[in-house]
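Biologist: Could you take a close look at a single part of this model for me? I'd love to hear what sits around one of the ligands.

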Amino acid sequence: MPNSPLVIENLTFQYRTRPELAIEAISFDLEPGEMLLIAGSSGCGKTTLARCINGLIPRSYGGKRQGRVLLHGKDVAEMQIAEVAQVVGTLLQDPERQIVASNVYNEIAFGPENLGLPRDEILARVEKAMKRLNIEYLRDRETFNLSGGEKQKVALAGVLTMNPSILLLDEPLASLDPASAYEALDVFRSLADEGKTVVLIEHRVEDAISAKPDRLLYMEDGHVKYLGPIHDLPKEIDHHQVKLPAQWVVDRVKAADETVKAVSRPEARERGEALVVFDDVDFRYNDESPLILQNVDLEIRRGDLIAILGPNGAGKSTLVKHAIGLLKPTRGHVLVEGHDTRKISVAQIARTLGYVFQSPTHMLYAPTVREELEFGPKNLHYEQAVIEKAVAESVSTVNLSGLEEYPPLGLSFGQQKRTTIAAVLAMQSKIMIMDEPTAGQDFANYTRFMDALCRPVNGSQSIVSANFAATLFITHDLDLAVTYANRVLLFGDKHIVADGPPEEVLKDVDLLLKYRVRPTSLLHLNLELLPRTGQFLPAEALAAFA
Amino acid sequence: MLVTWKYRPRNTFVQRLDPRTRLIFMVCIIFALTIPEIWDYRIVLPLFFVSLTLYLLARIEWKDVRRAWLYISILVFFIVGLNGLLSGRGGPSSVTNLPSPVLFEVPFVIPGTDWGWMVPVTVSKLWFALNQMTRMITMAILAIPIPYTMDPNIYGTAFRRMGASDKVSFTMDLAFRFLPTFARDLTITMDAQRARGYEMDKLKGGIAGRIRRLAPLIIPVVMQSTVTGEEVIDAMDLRAFGTSQRTWLKELHYAPRDYMLLGLGAAIFITCCVLKWGFGIGGFFVPDFFTQFVVR
Amino acid sequence: MNESKNTWEFGTRQVVYGAIGAALYGVFSWATNIFPLPAAGNVTFRPAVAVLIFFGVAYGPWVGLLAGFIGNTLGDALSGWGFYWNWSLGNGLMGMVPGLVMAAISNFKERADIMKAVGWGTLGIAVGMLFASLTEMFVGGIDFNTALVGYFVPAFVGNLVVVAILLPVLMIAFAAVAARRGR
Ligand SMILES: Nc1ncnc2c1ncn2[C@@H]1O[C@H](COP(=O)(O)OP(=O)(O)OP(=O)(O)O)[C@@H](O)[C@H]1O
Ligand SMILES: Nc1ncnc2c1ncn2[C@@H]1O[C@H](COP(=O)(O)OP(=O)(O)OP(=O)(O)O)[C@@H](O)[C@H]1O
Ligand SMILES: [Mg+2]
Ligand SMILES: [Mg+2]
C-alpha cells in the first residue's frame, strides 16, 4: 500500500549504549483516520518506537537500526527533519518539557516560524489551531502559569500548526487529572475522525479505550505481543501489567480460574489518639492571593490510612504542607502531637512526620543510596549506631538491598521513588505523608509498590502500618483510594467536603463528579457488589463475588 | 519564593519606544563615557540629566526599585571608597595622585587588626569621587527600568533584529522560558530537603563544609535540568528548529521618536569621541570653583 | 549524538543547554542575593559559579559563554540591579574557557578528568574575572590596584573555592544521570 500514511516493516533498534535490543521485528501499517493504541509496561520500547516514527532515530539517537519506516511511501531515514516534522506531529509525555516559549501565542507559532513561513500564513495557522482546540482564551497567557491540561492543549496546538497527517502521542495523559484526561481523549478522537492517523501510546488502557481506538498494539520487551481489535484481547495480556477495566479483569480471572488470594484490606482499625490536628485553618500564599484553605478542620489519628482526592489546583498539596510546617496557617492552628507548627521548626516536626515529595528528582543528590538515606537521620542528629540500623532496615523494607553503594541518580524511576520512601523511613517518623506516590509510574510498578507499602499480607502488618502510626497520600487515581485507604478525604472549594471510610464517601458519585473525580470501572463494580462484599476490594478479588 | 519578572505594561513614552532603540541608546551612552574616557563634569553632568530624564519617563514605582537603589548606593560608595583607600598607579583615577591640597585625613584600620594607615583626602580625590559617582549612575540608571518596562517576550526578537543569529536570539527567549521553572524547582527542592531536617540557616562548619552543605539544594535542580534538556532538544528538533531561516512573528518598527533618540545617542557618542580625541577636551580636571569652594 | 564531541558545534543542543545554563545561573545568583551565605571578609561565595563552570565543561564553550553572559544579565536584572556589561562578558568568558576542555573529558567520575575540569575552571575564573576587573577601570574609573585587590582577588578566590568544592560533586552526580540516559 504505497499510500498508507505509515508503514513499518520489520523494524529493529538497539541503542548505542545498550547491549540489548530496544525493539525487535515490529511491522504494521495504518490507514488515514485510523487510531492505534500502543500499550505495554514501562521500558518495553514504546518511546523508542515513537522515535523511529518521528525520525529522532536515527537522527538524534545513535544505534543499530534495521527495517524501514515509510511515511506516505518515503523512508524517514532519507527525509529532511523539516519534512518529517510536517508529516508526523509528536506530542511528548510531559507538556512542560515540550513547551519552549514563554507565552502561548509564540508557543503555538513556534513550528511554522522555524519553517520560515510568511507571517500571514503563520497567523492563519495559529488562529485555526486555537479555534480547533477552543483555546482562544489562552492567547495572551504565559505558559508557565497554565494548568497541566491547558499546557497540554497548547502543546497540541503547537503540533497541529505544522499540519501533520500523523499524530504521535506519547503518554499524553500522564500529567492530567482524570477529568482533563477524558477531555483530551475526546479531542484525539475527533482529530482521528477528521482523517488524521493517530498513534496513541498509553499504558492506561482503561482510560485510553474510551477514545475508541481501532486497534491495539501490545508490546512486551520490545516485541509485539498482540496486534488487533481492542475488544477481544487475548488472554496473554497480563492484567497485572496494564490497567484494564475492572469487568475485564474479573472475566479474565474467572476464565483463567486463578485461585484468588484472599486479599485483606486495611481494616478500619480502632482509631487512636489524634496525631495531627488542624484547627479552623485559613491560608493564603500572600496578601494579594486568594484564600486556598478556609475553615479547615481535620484530625489525623493513629491507625488512619488516608487518601486525599480532589481536582488539580484545589489545594491538596497546600493542605498537607501545613502538617509538616513548610507552610504556616494564616489563621487558626496546626498541631503536631500537641505542638503548634508555628512554634517549632520543620526539622523538629520531621522527627514525627515524614513527607515524601511527588518527584524523586527533587530530593536525590547523594553519590550513593546509603548516603542519601543517612541524610535525614544525620540532620536530626541521631546517633551513628541508630542511623546505621535505621538505614539497613529501610533498605530491606523497600527492597533496595544490594544497591546501597549505587548512585541514586543512576537508578530507574521506580527505584528512585523507593529510595525517597526509604529516605523518609530511615528518619523513623511516626506519620507518613506521600504526595502522589504513583504519578509517572506504570501500573505493574506502582501496584507492587503500593501493595508492599499499604497492604497487609495474611494477617501480618503492612510496611506502613508496622512502621507508622498513620499514613496519608494524595492521589488522582481513584482506584488507589478504593483499594488501599481506610479513610477518604475529598478536598474542594477550599475545604474538606467529605471525610469517611471509602465505602461511604465514594458512593456519592455525583459529589465525586462535582469535584472532577471520575468514577472508575473498579468503583462502579465495587459499588454494585458492595452488598455482597461488605467492603471495597481490588479487581481480582472481586472475581470471587461477581 | 516565586520568581516574578517584574514587567507590566505601562503606557509611557519609554515603553512606546522600540526595544532596540533603548538598548542601542544605552550602549551609546556607556560607550560615549567609557571609550574616549570622558571625565569632564561639563559633559558628564548633561549626560546624567539625559539618563535621569529617561529614567523618570519610565515611571516605575519607588517601591519596586528601592532595593536596587540601595544596592547601587552601596556599590558606588564601596567602589569610590575603596578607590580612595587603595589609590595607586594605573587607570583613570591615577590623576588623583597629582599634587593637590589635602583636606583632611581618614584613618583606615584593617578590621580585626590595629594595622592601618592614614588616607589623605585631597581636593582632586574628592572631585574625582563626585564625578565617578555621577558617571556610574548615569550608566546604571538606563538599565534599571528595563526589566520593569520591557516585555520579556520581545528580547529575542529585538536581538534578532539587531543582527544576532536565530540561534543566539532564541537562546535568550528560551532562558526566559526556563527561569520561573527552575526557580520553582529550587523552592520545591528546598522544601523537600527541609522536610528531611535540613536547615539552611544552620549551616555549620568551616567555609568548605558550609559550601559542601549546599549540594543537597544545587544537585537535584541542576541534574533535573540536564534531563529536561534532552527532551526539550527533541521537542525543538521535532518542530524543525534550525532547519531554515526563522520567521520571527513579532515585528518591530522604528517610529520617528526612535529615530530621534537613536540620532541623539549617535550624536552623543560621536561628539564625545571628537571632543576628546580631536580637541583634547573631556579629560579629568578640577574646576577652580570647586577648589575655592572646599578649601575656603 | 555527541559521541564525537565537536567543541565548536552550535546547534539545537547548544541553544537549549545555553538557555538552561543561563536560567540556572540567573536563578542561583539571584537566590544568593536573598539567602545568607558564608562569607569571609571581602569575599562572598556564589555557588552559582560552580553550575556555570559545570555547564561549560559538560556542554562546551558556546554553552558556557551564553550561560555566563545571559545568566549574569538575568541574575542582575532579576535583582533589579541594572546591566553591567563588562561583568556579564566576564562571566561569559568564565563559562567559555572551561568549555574548551569538553572534548577531553570522557568520564565524569574519573579523578583525572575531574582534576582537568577543575584546572580549566580555574583558568576560566582567572580570565573572566580579570577581564571584568580590568574593564572596570574604564567603566567605574577605578585604578589598577583597586581593580586587582578590590575586585579581582576576592572574586577569584571566592569563585575558586566554590568551584573546587562543588564542581567535582556536580560532575559525579552527572556521571550517574548520564549513564542512565545514555544519549
Ligand atoms: N536514550 C536512550 N539511550 C539508551 N537506552 C535507552 C534510551 N532510551 C530508552 N532506552 C532503553 O530502551 C528501552 C526501551 O525504552 P523506552 O523508553 O522505549 O520504553 P517505554 O516503553 O517508552 O517506557 P516508559 O513507559 O517508561 O516510557 C529501555 O530499556 C530503556 O532503558
Ligand atoms: N507558592 C505558591 N504561591 C502562590 N500560589 C501558589 C503556590 N503554590 C500553589 N499555589 C496555588 O495554590 C492553589 C493550590 O495549589 P496546590 O498545589 O495545593 O493544589 P493541589 O490540589 O495539590 O493540585 P494538584 O492536584 O495539581 O497537585 C493553586 O491555585 C496554586 O496555583
Ligand atoms: Mg516512554
Ligand atoms: Mg499537588
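Modeller: Sure, let's start with one contact: a backbone N or O atom of A:A314 lies 3.2 Å from an oxygen atom of ligand 2. Keep in mind that this is a predicted model. How much of ligand 2 does the protein bury? Taken alone, ligand 2 exposes 640 Å², and the protein buries 63% of that.

Now for the side chains. A:N312 has a polar side-chain atom 2.8 Å from an oxygen atom of ligand 2. With A:Y285, the partner on the ligand is a nitrogen atom: a polar side-chain atom of A:Y285 lies 3.2 Å from that nitrogen of ligand 2.

Let's zoom out to the whole shell. Reading along chain A, ligand 2 is surrounded by A:Y285 and A:I292, then A:P311, A:N312, A:G313, A:A314, A:G315, A:K316, A:S317 and A:T318, and finally A:E436 and A:H476. So you can spot A:Y285, A:N312 and A:A314 again in that list.

Which helix gives the most to this shell? That's helix 11 of chain A, residues 316–323, which supplies three residues. If you look in the list for residues in that range, you'll find A:K316, A:S317 and A:T318.

And what's the mix of residue classes? Around ligand 2 there are six polar residues, four nonpolar ones and two charged ones. The charged pair is A:K316 and A:E436, and A:K316 also falls within the residue range of helix 11.

Note on methods
Residues are numbered from 1 along each chain as its sequence is written. Chains are lettered from A and ligands numbered from 1 in the order in which they are written. This is a predicted model: local features need pLDDT of at least 70, side-chain atom pairs count only at pLDDT 80 or more; totals for chains, interfaces and linings use all residues. Side-chain values use heavy atoms; hydrogens and water are left out. A residue is near a molecule or strand if one of its heavy atoms lies within 4 Å of it. A polar contact is a pair of N or O atoms within 3.5 Å; within protein, one must be able to donate a hydrogen and the other to accept it, and residues adjacent in sequence count only if both atoms are side-chain atoms. Accessible areas come from the Shrake-Rupley method with a 1.4 Å probe; for residues, only the protein chains shown count as cover. Helices (H or I, at least four residues) and strands (E, at least two) are DSSP runs, numbered from the N terminus.
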